[in-house]
Amino acid sequence: MSAPLSSVADPTTANPTTANPAAANPAAAEAPRRRPAVIELRRISKIYGVGDIEVHALKDISLDIERGDFVAIMGASGSGKSTLMNVIGCLDVATKGRYRLAGTDVGNLTDDEQATIRNRRIGFIFQSFNLIPRTTALVNVELPLVYAGVKRGERRDRAIAALERVGLGARIDHMPNQLSGGQQQRVAIARAIVTNPAIILADEPTGALDSTSTAEVLSIFEELNMERRTVVVITHEDEVAVHAKRVVRFRDGEIVSDVRQATIRGLPPNVSSPAHAVRSIA
Amino acid sequence: MNLESIRMAVRGMLANRMRSALTMLGVLIGVGAVIILVAVGSGSAAAAAKSLEALGSNTLTVSAGGFGAGARGGTQSRGITITDNDVTALSDKTQLPDVSAVIPIVNGSTSSAASFNGASTTPGSFIGTIAAYSPVRNAPVTAGRFLTDDDIANHNEVMVVGTTFAKNLLGATANPNALLNEQVQLGSQSLTVIGILKSKGSNGFQDQDDIVILPESVVRDFYTGNTGTVSQVIVQAETAAATTNVQAEITSLLQSRHTGSTATSFRVLNQASLLSTQADSNRTFTVLLGSVAAISLLVGGIGVMNIMLVTVTERTREIGIRKAIGARTSNIVSQFLTEAVLLSLLGGLLGVACGFIGSHFTIVGVKPVIETYSVVLAIGVSLAVGLFFGIYPASRAAKLRPIDALRHE
């Protein structure tokens with residue numbers, strides 16, 4: 001029983017919480033000229049340490065991800081895929097290079113502006129769920145809306161809608177430790193989508209889940225992607241990658257392959273018909 | 001610090017109940033200690049001031065001898081003996097115009113035991129005096145009557161007793177007034193109780209209610225012999241302002257009447273100056289107690305900072321999560337600062353409650369008196385402690401980069 005979010009047509013501009021015109025306007029201005037990539041990475045390098053112990057986690061990476069795509073970023077541990085995710089998610093800044101997110105050059109932003117970007121444009125999903133402990137599912141999901149300045153009543157309604165969307169409408173008052181791993185990850189997904197972000201950024205989202213929960217989480221991702229949301233999944237599991245429209249492989253901080261498995265406008269490769277994803281996950 | 005950050009801080013505190021309770025305990029003890037110790041200090045000051053005021057602030061006590069009661073002699077100048085003639089001279093209005101009353105006091109033997117219906121006791125103080133003692137020393141009776149001039153003139157074998165003395169004979173739970181009109185054996189003599197004195201309580205040195213007061217003439221007849229001397233003279237000045245003047249006049253009068261005497265041959269105690277000395281020492285006492293309590297409040301504050309630092313370290317991951325989903329630096333600062341302030345404010349209010357409860361009990365013989373300033377000060381300081389010791393951990397928490405905070409295990 002999936003309840004659609006309030007607006008799904010274009011998450012980038014329909015985001016009702018957008019209060020920062022500077023962040024929103026460049027995307028609107030560029031729109032007629034060329035279909036802009038929602039993520040534009042240009043010659044990105046990330047170097048940890050200095051001198052002899054310098055580690056090049058990312059070496060001169062350029063990558064565009066268009067709106068509505070479902071991208072799996074694959075690679076072994078230490079290949080730089082997590083660093084890439086941190087850069088894309090504005091959790092970390094690149095040492096060199098330019099990164100534009102929905103038309104905004106992230107490198108020029110202050111800490112608080114980056115916080116706003118994370119809040120409005122990105123929904124994070126982590127391998128270890130990263131829910132706030134000893135805090136109910138509802139409060140966890142409400143939290144991004146608190147920081148967005150959404151009023152209490154609306155916040156609650158939207159958080160409940162998001163939890164119902166992931167099939168946890170009956171468990172809104174449960175603490176994280178009263179939920180299974182799969183349920184916790186679904187709470188995390190509800191928290192990621194409650195602000196109606198343009199990009200869903202997932203770092204090994206199924207790494208800590210059993211196969212049933214993995215299937216549930218992946219089908220939610222497919223659904224979200226069918227709503228024209230951009231989904232970027234960092235993974236090392238091929239079972240996850242087969243669900244993506246595009247697979248980018250990393251090795252030693254460099255892109256070694258970039259394979260398109262389905263068109264951006266089409267359905268995700270593992271979905272045979274639109275009805276396939278519309279199923280009960282409760 | 002808006003409603004949202006308060007709500008969030010309350011959630012944070014509830015999520016870590018044990019730690020929050022321990023933090024509050026530190027502040028609670030500090031604040032409670034400040035309030036109770038200051039209350040004890042001012043309570044003892046109030047008690048001492050009351051007992052000195054009971055003596056009358058415009059009275060002077062003239063006692064024979066140098067240091068200590070009675071003529072000790074020795075290497076210091078020999079004390080004089082105050083005679084009935086001295087008392088008459090002190091009462092001379094032409095020489096001492098500012099004196100309104102002169103009360104001679106003859107101390108009876110303190111070893112005279114009293115007995116009544118098989119019970120016996122030795123009065124803490126046993127004095128012989130005149131009728132004017134009652135108004136000058138502020139010693140009214142609650143039952144019966146005080147000595148009259150007739151009692152003194154007629155050598156009536158009567159006495160007025162304090163409530164403790166009466167209870168010592170009647171039993172602790174008895175009504176002291178039951179002793180009225182009874183015959184009590186005091187030493188070798190049987191006397192009629194004609195009055196019960198109003199209770200005055202302790203003056204910090206002795207129980208002022210363990211007393212028997214007889215006519216001066218009767219004490220001389222049966223206990224001290226008619227030596228023509230008195231133990232003490234209480235002189236009341238017309239006004240409190242005149243006491244210093246009267247003190248000087250008495251000193252010069254007695255020196256001129258006793259050849260060879262010096263200023264140390266007798267003592268003229270001014271109650272007003274005693275009062276101010278007492279007030280000074282009490283203030284010192286209160287300040288001392290207050291600073292001990294202030295130190296405990298400071299320690300409580302450092303406890304808050306310590307707990308907040310531990311909290312920040314333990315909750316680094318949580319801070320990372322909050323930042324990842326869009327918390328600004330100011331959101332994090334206000335959450336942790338609000339937590340610190342709420343913890344210390346709640347601890348402070350509980351401490352005030354404990355202070356009020358604790359001040360209802362008598363502590364080391366003192367009935368504490370709560371001072372408004374100490375309550376205001378304690379709450380103010382606990383708030384300041386929360387703000388001051390909360391800022392550092394909060395800013396440390398907020399400055400973390402989201403990725404560093406998230407990676408923290």
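This briefing describes a surface patch, the cysteines and two backbone angles. The structure is a predicted model. A nonpolar patch of about 410 Å² lies on the surface and is formed by residues of chain B. The search for disulfides, taken over all chains, returned 0.

**Nonpolar surface patch**
- The patch is made by B:Met18, B:Leu22, B:Leu25 and B:Ile29.
- Of these residues, B:Leu25 belongs to helix α2 of chain B, which covers residues 17-55.
- B:Leu25 has a relative accessibility of 41% and therefore counts as partly exposed.

**Cysteines**
- A disulfide is a covalent bond that joins the sulfur atoms of two cysteines.
- Across the whole structure, 0 disulfides are found.
- A:Cys90 is buried, its relative accessible area being 1%.
- B:Cys354, by contrast, is partly exposed, with a relative accessible area of 34%.

**Positive phi angles**
- Most residues other than glycine have a negative phi.
- A:Arg134, a residue other than glycine, has a positive phi near 55°.
- A:Arg134 sits in the chain A loop that runs between β6 (122-125) and α5 (137-148).
- With a relative accessible area of 48%, A:Arg134 is partly exposed.
- In chain B, the phi of B:Asn138 is positive as well, near 55°.
- The loop that holds B:Asn138 lies between α4 (133-136) and β7 (141-144) of chain B.
- B:Asn138 is partly exposed, at a relative accessible area of 43%.

Key:
Residues numbered from 1 in each chain as written. Chains lettered and ligands numbered in written order. Predicted model: local features only at pLDDT ≥ 70, side-chain atom pairs only at ≥ 80, totals over all residues. Heavy atoms only, no water. Patch = residues over 30% accessible without salt bridge, like charges linked within 9 Å, V, L, I, M, F, W, Y side chains within 5 Å. Areas by Shrake-Rupley, 256 points an atom, 1.4 Å probe, with all protein chains shown as cover. Salt bridge = Lys/Arg side-chain N within 4 Å of Asp/Glu carboxyl O. Helix = DSSP H or I, 4+ residues; strand = E, 2+ residues; numbered from the N terminus. Buried < 20%, exposed > 50% of the residue type's maximum accessible area, 1.4 Å probe, protein only. Disulfide = S-S within 2.5 Å.
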